[in-house]
Amino acid sequence: MRQFLDFEKPIAELESKLDELRNMSEPEGLNIAEEVGRLSDKVERQLRAIYARLTPWQKAQVARHPERPKAGDYVAGLITDFTPLAGDRAFADDAAVIGGLGRFRGRPVMVLGTEKGADTESRVAHNFGMARPEGYRKARRLLELAGRFQLPVLSFVDTAGAFPGIEAEARGQAEAIARAIEACLDAPVPLIATIIGEGGSGGAIALAAGDRVLMLEHAIYSVISPEGCASILWREAAQAAQAAEALKLTAEDLRRLRLIDQVIAEPLGGANRAPAEAIATVGEAIAAQLEPLLALDGATLKARRREKFLAMGRE
Amino acid sequence: MNWLTEYVRPKIRTLLGRREVPDNLWQQCDACEQMIFHRDLERNLRVCTHCGHHMRPSAAERLEWTLDAGFSRIELPKVPADPLRFRDSKRYTDRLREAREKTQHEDAILVAHGAIEGQKAVVGAMAFDFMGGSMGAAVGEGIIAAAQLAVLQEAPLILYTASGGARMQEGAISLMQMPRSIIASQMVKEARLPFITVLTDPTTGGVTASFAMLGDVQIAEPGAMIGFAGARVIEQTVRETLPEGFQRAEYLLAHGILDMVVSRLEMKATLARLLGLLRGPVQADIIKL
Ligand SMILES: [Zn+2]
């Protein structure tokens, strides 16, 4: 059963009618094939109409869609020989951050990602993609390893943010995030970050201070969640839609502000409707962005990355 | 409330008439509720003379208390105003204007260069009274400018933090100040100059999770609230009561996150001593001779 978002209600109704028709045995005097074709066209037209005008708050819903492909799906679809690596060598392995060695189109790479999980069990196991200090320290370790072996780094970001917990604070959540950002900035290898769903604040940029930052069309990237912003500035979480609008958190907004490098188009109706197609498109975009970076040496990459971030927000 | 606030203060007011009493003649300590003579409090660097509670000073006071007389403040780079055209119950541009009128600062950081007990230094101080010390592009540029000045002058960089976190009204631009301020800290370190952070009450969110936690030496004032996530958010997430002293300077020291907790009255002397000790090559030359 496909899950529908609130604003997809007209589509949900049409699609359930379609399902009914498809399961019907041919009744007298009704051409089912014709009716199915007519309804399918209607669904597509509706999807096009709705998705062409998604509000930022609706995009946030799409970005958080439970059926949207997760970091692990991108790794499975784009990376061969994937060999996960675990642990921060100090305290634990944090499953909210996945990472390891693998090949992207034949070339050895380091892969990093924040993983939300796909069902109740795996969501709990991955702590809903909210990392603790151990996760950011693992990321830092893998970034350093990538540097030593000249492996380009591909990161897939999808997180509501760093985990707000007592133990996380006690073990230095802030320091762990700061060091992970520093490790991104220091990497003497190409680093391409892709925001595939939710790019939540410090927990996202910890894996995304890269040479190229790509964003899926319906992904969001923000300093604070719309709900969090609303409860602080509007004193009411219900104003989240207004906050989402004000925060300029869509891929198109961030491209216009020159904070990201590329927006990757999604299949009609969002990546959740055609995961394989979405993952393949992301693969194409990464390959195209990676190619020119491979020619640059570590010092040049680092210097350019620094210039890029220093230029942000300047006129 | 103690008897002094309830009884003595109103009496003084009646005696002198409401308007003639400077509001700041007496000040009450938030921690012990005792009244302190304003002049005594000033002389004691806004540390309560009764209980030692560190009150929040202005950024300008920080600079005065840290640098020797004769320091100069630098003008910080201008940034594009209100890039998001942000508006909640108020326009961001109005909030900025009000904060500027209130504090007489351009934004939430001041930077100066001068000397600390005779040793040259660049010092930045965040202003919590300017929109909660939130870090937007102007604060980021201020930190970058401070770092560049330190490198240019071959001087150490000392940054006092005081911040509620990111400047929400600048959206993802404020998020980008995390890597930008980290780059600033790297410039200073690469020049082999000391980078010292002094975390003051409160330091949270994106400021903590960036340059504040990357000091060569990390100091905090006693009792300062320092953390990444807000206490209320944590409480709501984990549904547990927070431990005693959670996210206070002493808690962070015990958890290995800080080097030391230093009284404001000892801060300048401590910084001076650290700068002397970290001035490695100069000392080595003396020994060689
Ligand atoms: Zn007191």
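For chain A of this predicted model, whose length is 315 residues, a compact globule would be expected to have a radius of gyration near 20 Å, and the computed value of 21 Å agrees with that expectation. Along the principal axes, the C-alpha atoms of chain A occupy a box of roughly 70 × 50 × 45 Å, and buried residues account for 50% of the 315 residues in this chain. The secondary structure of chain A comprises 14 helices and eight strands. When contacts in chain A between residues at least 6 apart in sequence are considered, 70% of them are found to join residues at least 24 apart.

The contact between the two chains involves 40 residues from chain A and 43 residues from chain B. On the side of chain A that touches chain B, two or more residues are given by each of helix H7 (166-170), helix H8 (173-186), helix H9 (201-205), strand E7 (220-222), helix H10 (226-234), helix H11 (240-247) and helix H14 (298-311) of chain A. Of these elements, H8(A) provides the largest share, namely eight residues. The composition of this side of chain A, expressed by class, is 27 nonpolar, seven polar and six charged residues.

In chain B, the domain assignment distinguishes domain 1, covering 1-55, from domain 2, covering 57-288. Between these domains of chain B, seven residues of domain 1 are in contact with eight residues of domain 2. The side of domain 1 of chain B that touches domain 2 of chain B is made up, by class, of three nonpolar, three polar and one charged residues.

An open sheet of seven strands is also present in chain B, with the strand order E3-E4-E5-E6-E7-E8-E9 and mixed pairing. Its edges are formed by strand E3 (72-73) and strand E9 (260-261) of chain B, each of which pairs on one side only. In general, the strands of a sheet pair through backbone hydrogen bonds, in either a parallel or an antiparallel manner. Within the sheet of chain B, strand E6 (residues 157-163) and strand E7 (residues 195-203) run parallel and are joined by six bridges, and Ser163(B) stands opposite Thr203(B) in E7(B). Helix H3 (residues 59-66) of chain B lies across strand E4 (109-116), strand E5 (119-126) and E6 of the same chain, and the helix runs at about 165° to E5(B).

Definitions and conventions: Residues numbered from 1 in each chain as written. Chains lettered and ligands numbered in written order. Predicted model: local features only at pLDDT ≥ 70, side-chain atom pairs only at ≥ 80, totals over all residues. Pairing = 2+ DSSP bridges. Helix = DSSP H or I, 4+ residues; strand = E, 2+ residues; numbered from the N terminus. Axes fitted to C-alpha atoms, helices over the stretch in contact; angles between N-to-C directions. Domains from an automatic or database assignment. Nonpolar A, V, L, I, M, F, W, Y, C, P; charged D, E, K, R; others polar. Rg over C-alpha atoms; globule rule 2.2 N^0.38 Å. Buried ≥ 20, exposed ≤ 12 C-beta atoms within 10 Å, placed from the backbone.
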